[in-house]
Amino acid sequence: MNILQFFWKNQAQIYELTLEHLWLVGISMLLAVSVGVPLGILLTRRPGFRRTILGGATIVQTIPSLALFGFLLPAPWLGERADRLAITALTLYALLPIIQNTYAGIKRVDSGVREAARGMGMTDFELLIQVELPLAFGVILTGVRVATVITVGVATIAAAIGAGGLGEFIFRGLAMVDNRVILAGAIPAALMALLADFFLSRLERRFRYA
């Protein structure tokens with residue numbers, strides 16, 4: 001049986017695991033953006049926190065994914081369900097590029113634009129919402145794109161702790177020494193990462209040059 005026949009025969013399971021993978025990535029990215037963007041904004045207002053926040057996010061990136069899952073496993077509530085554990089780990093992995101790009105995007109806003117906005121009587125909150133974030137949005141999207149691609153790849157490791165996703169095929173194929181099973185997980189995951197990169201890149205260019 002060649003790879004195409006294998007895909008056709010197992011299409012229902014591939015579809016189910018692809019949806020699981022998308023769910024893990026989607027929830028993780030939603031949480032990462034919800035945490036990372038405010039932290040990036042905080043760094044522009046409180047530079048003293050920069051070393052602590054960026055240092056912590058950088059340290060997480062250096063920890064191998066399986067080791068991070070292992071570190072989180074004894075945690076109460078998180079360790080009770082594999083999906084919670086996986087989503088927490090994926091969220092932590094996605095934070096660094098989002099925080100960095102949010103900070104960089106806001107800091108790159110021209111000082112003359114800021115002064116003009118303040119001259120119009122804008123408060124700091126109005127300046128952030130109406131001027132800085134819209135101008136920095138393209139750069140922030142770059143961070144989200146990078147984080148999404150990273151998360152799609154790391155999410156395959158979640159199968160090692162029973163969280164599901166396309167990694168189940170990859171680990172099963174490694175155990176069976178069967179390239180068809182490995183590719184049944186690797187190809188959809190790679191396509192997911194490429195599609196996310198493509199669509200977010202187009203969205204990013206649209207806002208950068210709007």
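In this predicted model, leucine 183 has a relative accessibility of 36% and therefore counts as partly exposed, since that value lies between the 20% limit for buried and the 50% limit for exposed residues. Leucine 183 is found in helix α9. Together with Ile187, Leu191 and Leu194, leucine 183 forms a nonpolar patch on the surface. The accessible area of the four residues together is about 350 Å².

It helps to place this patch within the whole chain. The chain has nine helices and zero strands, so that, read from the N terminus, the order of elements is α-α-α-α-α-α-α-α-α. Along the principal axes, the C-alpha trace spans about 70 × 40 × 25 Å. The accessible surface comes to about 11,400 Å², and 66% of this area belongs to carbon and sulfur atoms. Of the 210 residues, 45% count as buried. Among contacts with a separation of 6 or more, 72% are made by residues 24 or more positions apart.

Turning from the surface to the interior, the largest nonpolar core has 50 residues. Within this core, Met29, Leu68, Ile98 and Ile99 touch the most other members. The elements that each give two or more residues to the core are α2 (11-45), α3 (50-62), α4 (65-72), α5 (82-107), α7 (124-154) and α9 (179-208). Helix α5 gives the most, with 13 residues.

What does isoleucine 98 touch, apart from residues up to four places away in sequence? The list is made up of Met29, Ala32, Val33, Gly36, Val37, Gly143, Val144 and Ala147. Asparagine 101 offers a second view of helix α5, where this residue has its place. With a relative accessibility of 17%, asparagine 101 counts as buried, because the value is under the 20% limit. Neighbours within four places in sequence aside, asparagine 101 is in contact with Val139, Ile140, Thr142 and Gly143. Gly143 thus appears in the contact lists of both isoleucine 98 and asparagine 101.

Charged side chains add another layer to the picture, with a count of nine salt bridges. Arginine 145 takes part in two of the pairs described here. In one, the side chains of arginine 145 and aspartate 197 meet at 2.9 Å, N to O. This pair links distant parts of the chain, as aspartate 197 is in helix α9 and arginine 145 is in helix α7, 52 residues apart. Are the two partners buried or exposed, or something in between? Aspartate 197 has a relative accessible area of 27% and is partly exposed, whereas arginine 145, at 17%, counts as buried.

In the other pair, arginine 145 forms a salt bridge with glutamate 204, and the closest N and O atoms are 3.0 Å apart. Here too distant parts of the chain are linked, with arginine 145 in helix α7 and glutamate 204 in helix α9, 59 residues apart. Both arginine 145 and glutamate 204 are buried.

A further salt bridge joins aspartate 83 and arginine 81, whose closest N and O atoms are 2.6 Å apart. Aspartate 83 is buried, with a relative accessible area of 14%, while arginine 81 counts as partly exposed at 43%. Elsewhere, salt bridges link Arg45, Arg114, Arg118, Asp124 and Glu132 in a network.

Aromatic rings are next. A pair of aromatic rings is described by the distance of the centres and the angle of the planes. The structure holds one aromatic pair, formed by phenylalanine 198 and phenylalanine 199. The centres of the two rings are 5.2 Å apart and the planes make an angle of 70°, so the pair is edge-to-face, a label that applies to angles over 60 degrees. Phenylalanine 198 is partly exposed, with a relative accessible area of 42%, whereas phenylalanine 199 counts as exposed at 53%.

The backbone also holds a detail worth a look. Most residues other than glycine have a negative phi. Valine 177, although not a glycine, has a positive phi of about 55°. Where is valine 177 placed? The residue lies in the loop between α8 (167-176) and α9. Valine 177 has a relative accessible area of 73% and is therefore exposed, this value being over the 50% limit.

Notes: Residues are numbered from 1 along each chain as its sequence is written. This is a predicted model: local features need pLDDT of at least 70, side-chain atom pairs count only at pLDDT 80 or more; totals for chains, interfaces and linings use all residues. Side-chain values use heavy atoms; hydrogens and water are left out. A nonpolar core is a set of buried Ala, Val, Leu, Ile, Met, Phe, Trp, Tyr and Cys residues joined through side-chain atoms within 4.5 Å. Buried means under 20% relative accessible area, exposed over 50%, partly exposed in between (1.4 Å probe, protein chains only). Helices (H or I, at least four residues) and strands (E, at least two) are DSSP runs, numbered from the N terminus. Contact means heavy atoms within 4.5 Å. Patches are made of residues with over 30% relative accessible area and no salt bridge: like charges are joined within 9 Å, nonpolar side chains (Val, Leu, Ile, Met, Phe, Trp, Tyr) within 5 Å. Accessible areas come from the Shrake-Rupley method with a 1.4 Å probe; for residues, only the protein chains shown count as cover. Rings of Phe, Tyr and Trp (its six-membered ring) pair if their centres lie within 6.5 Å; planes under 30 degrees apart count as stacked, over 60 as edge-to-face and the rest as tilted.
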